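Got your viewer up and a selection box ready? Here's a walk through the model, stop by stop.

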Amino acid sequence: MTLTIGTSGKYTEDFERFSVQQASAEPASLTTLRRRAFASFADAGFPTRKNEEWRFTPVTQIVETPFRPSHPGAKARDADRSFLYGDLGGDLLVFVDGYFDPALSTIRPGAQSPRVGNLAAILGSDPGAVAGKLGAFAPIEGWAFSSLNTAFFGDGACVVIPRNLVSKAPIQILYLSTGGEHPVASYPRTLVVAERGSQSTIVETYASSSGELYFTNAVTEFFVGENALVDHYKVTREGAQAQHVSTTQIEIERSGQFRSHNITLGGALVRNDINAHLGGEGIECTLNGLYMARDKQIVDNHTFIDHSMPNCQSHEIYKGILADRSRGVFNGKILVRPDAQKTDAKQTNKTLLLSKDALIDTKPQLEIFADDVRCTHGATVGQADEEAIFYLRSRGIGEADARSLMTYAFASDIISRISIEAIREKLDTALFTEGALQGIR
């Protein structure tokens with residue numbers, strides 16, 4: 001079976017085969033959802049630059065490359081194990097080309113532990129465990145890539161944090177892509193349900209040691225119950241030619257807290273859509289991000305925070321470092337609906353350009369339909385502070401090292417907010433080996 005990326009009509013035969021294959025292993029409601037998602041994709045097709053939300057992000061290579069669908073049984077490379085953060089004390093779920101690899105995973109069962117597993121197994125044995133949550137939040141109509149994932153995902157991670165459980169150890173979810181002789185497309189799916197009063201930390205990593213072309217189309221859904229707290233880390237360290245598109249949908253109930261740390265260091269094209277719906281009073285939502293690009297990489301971060309109820313707070317800071325001929329896009333939208341009085345929302349985007357050929361398109365947006373709010377947003381774009389570099393050079397530090405130190409200081413503001421030491425240290429190292437700092441030390 002060859003899945004050819006091009007016009008949506010080329011998918012029809014493959015979808016029919018895939019949906020028939022899946023129908024015997026999943027509830028009828030999911031089969032219906034898949035068909036609705038595929039119909040939406042077939043109707044709209046892939047976005048073009050005429051679409052305002054994709055105006056600066058070309059998906060030509062995704063559209064024109066004859067990707068083959070991934071399948072179970074692919075093996076990770078030895079180098080891929082380097083993307084693990086060591087034993088953080090919690091569960092570890094590893095997926096290779098979108099499918100669960102039990103040999104690389106570690107699940108610690110227990111009465112006082114989160115319920116952790118892979119979706120394919122859960123849908124086959126206990127579909128009621130994800131009923132009403134899987135597919136309930138991720139957008140379909142008008143969202144080509146999210147629709148395509150919903151239609152074609154074969155496996156993924158499922159995490160349920162039971163009511164009032166404080167899960168102290170981080171849960172790691174690692175999605176590895178192998179690349180190969182023929183370009184492969186994978187559709188990782190993640191569902192995290194944090195029930196009322198629970199606390200948890202989720203570490204979601206997408207990575208590969210492959211330098212070949214492949215396509216990762218990921219969807220992650222979060223349900224944060226009343227008074228629940230979720231810390232989420234998403235780290236993207238894809239291969240040099242990788243095409244990575246992800247949609248993260250966050251639904252938060254009354255007095256819930258959600259904190260996101262989104263770090264992008266690798267991939268030829270990376271598009272992150274992060275949508276948070278604040279559906280109750282007293283919610284706190286934090287979106288932090290750091291994106292670094294060099295060569296001709298493109299990194300696009302689209303965030304949307306929807307304030308629909310009163311007395312909620314959202315805080316957002318995204319920083320970008322662009323070198324060589326790389327390009328960054330930041331589109332951050334905050335919507336304050338009429339009932340969302342007493343909203344406190346802050347958004348900041350800062351971009352450091354290390355080259356005259358690097359380019360950033362930044363678009364902070366505020367739409368406010370309530371009158372008793374405090375909302376601010378701003379964007380700054382600039383190069384390294386030459387006076388500070390001169391000061392460092394006057395103290396005997398070479399120019400390249402001085403610029404590297406200034407750039408690292410700019411990035412470390414986000415990295416320092418990561419509370420897990422093993423992740424913070426690994427990303428510190430990656431800043432110089434995979435990110436835009438390489439070559440200017």
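One thing to keep in mind as you click around: this is a predicted model. Let's begin with the enclosed spaces. A search of the whole structure turns up 4 cavities of 30 Å³ or more.

**Stop 1: the largest cavity**

Select Glu52, Phe56, His302, Val329 and Asn331: of the 14 residues lining the largest cavity, these lie nearest its centre. The space in there comes to about 90 Å³. Now colour strand 16 (298–307), strand 18 (327–336) and strand 20 (359–368), the elements that give two or more residues to that lining. What is the mix of classes in the lining of the largest cavity? It has 6 charged residues, along with 4 polar and 4 nonpolar ones.

**Stop 2: the second largest cavity**

For the second largest cavity, with about 40 Å³ of space, select Phe83, Leu84, Tyr85, Leu92, Gln172, Ile173, Leu174, Val203 and Thr205, which line it. Strand 6 and strand 9 (199–207) each put at least two residues into this lining, and strand 6 gives the most, with 3. By class, the lining of the second largest cavity splits into 7 nonpolar and 2 polar residues, with no charged ones.

**Stop 3: the largest pocket**

Next, something open. The largest pocket has a volume of about 430 Å³. Centre the view on Glu53, Trp54, Trp143, Arg271 and Asp273, the closest to the pocket's centre among the 24 residues that line it. To see where the lining comes from, show helix 2, helix 5, strand 12 (243–252), strand 14 (269–278), strand 16 and strand 18; each supplies at least two residues. The lining of the largest pocket divides into 11 polar, 9 nonpolar and 4 charged residues.

**Stop 4: helix 2**

Helix 2 was on that list, so select residues 28–44 and take a look along the helix. Its 17 residues reach 25 Å from the first C-alpha to the last, close to the 24 Å expected at 1.5 Å a residue. Which residues of helix 2 are buried? They are Leu30, Thr31, Leu33, Arg34, Ala37, Phe38, Ser40 and Phe41. As a reminder for reading that spacing, an α-helix has 3.6 residues a turn, so residues three or four places apart point the same way. Switch on helix 1 (12–23), helix 4 (119–125) and helix 5 (144–152) to see part of what covers the buried residues of helix 2. Just after helix 2 comes Gly45, with a positive phi near 70°.

**Stop 5: the open sheet**

Now switch to cartoon and find the open sheet of 10 strands, ordered 3-2-6-9-11-13-15-17-19-21 with mixed pairing. Strand 3 (99–100) and strand 21 stand at the edges with a single partner strand each, so one side of each has no neighbour in the sheet.

Start with strand 2 (residues 92–96) and strand 6 (residues 171–176), which pair in the parallel sense over 5 bridges. Pick Val96 and you'll find Leu176 of strand 6 opposite.

Then move along to strand 19 (residues 344–353), where 7 of the 10 residues are buried. Strand 19 pairs with strand 17 (residues 313–322) in the parallel sense over 10 bridges; look for His315 opposite Lys346 of strand 19. Strand 19 also pairs with strand 21 (residues 374–382), again in the parallel sense, over 9 bridges. To finish the tour, select Leu352 and Gly382 of strand 21, which stand opposite each other.

Methods: Residues numbered from 1 in each chain as written. Predicted model: local features only at pLDDT ≥ 70, side-chain atom pairs only at ≥ 80, totals over all residues. Heavy atoms only, no water. Helix = DSSP H or I, 4+ residues; strand = E, 2+ residues; numbered from the N terminus. Expected span 1.5 Å × (residues − 1). Buried < 20%, exposed > 50% of the residue type's maximum accessible area, 1.4 Å probe, protein only. Contact = heavy atoms within 4.5 Å. Pairing = 2+ DSSP bridges. 1 Å grid on protein atoms, 1.4 Å probe; cavity = no way out; pocket = protein on both sides within 12 Å on 5 of 7 lines; lining within 4 Å. Points joined across faces, edges and corners; volume = space filled by probe spheres on them. Nonpolar A, V, L, I, M, F, W, Y, C, P; charged D, E, K, R; others polar.
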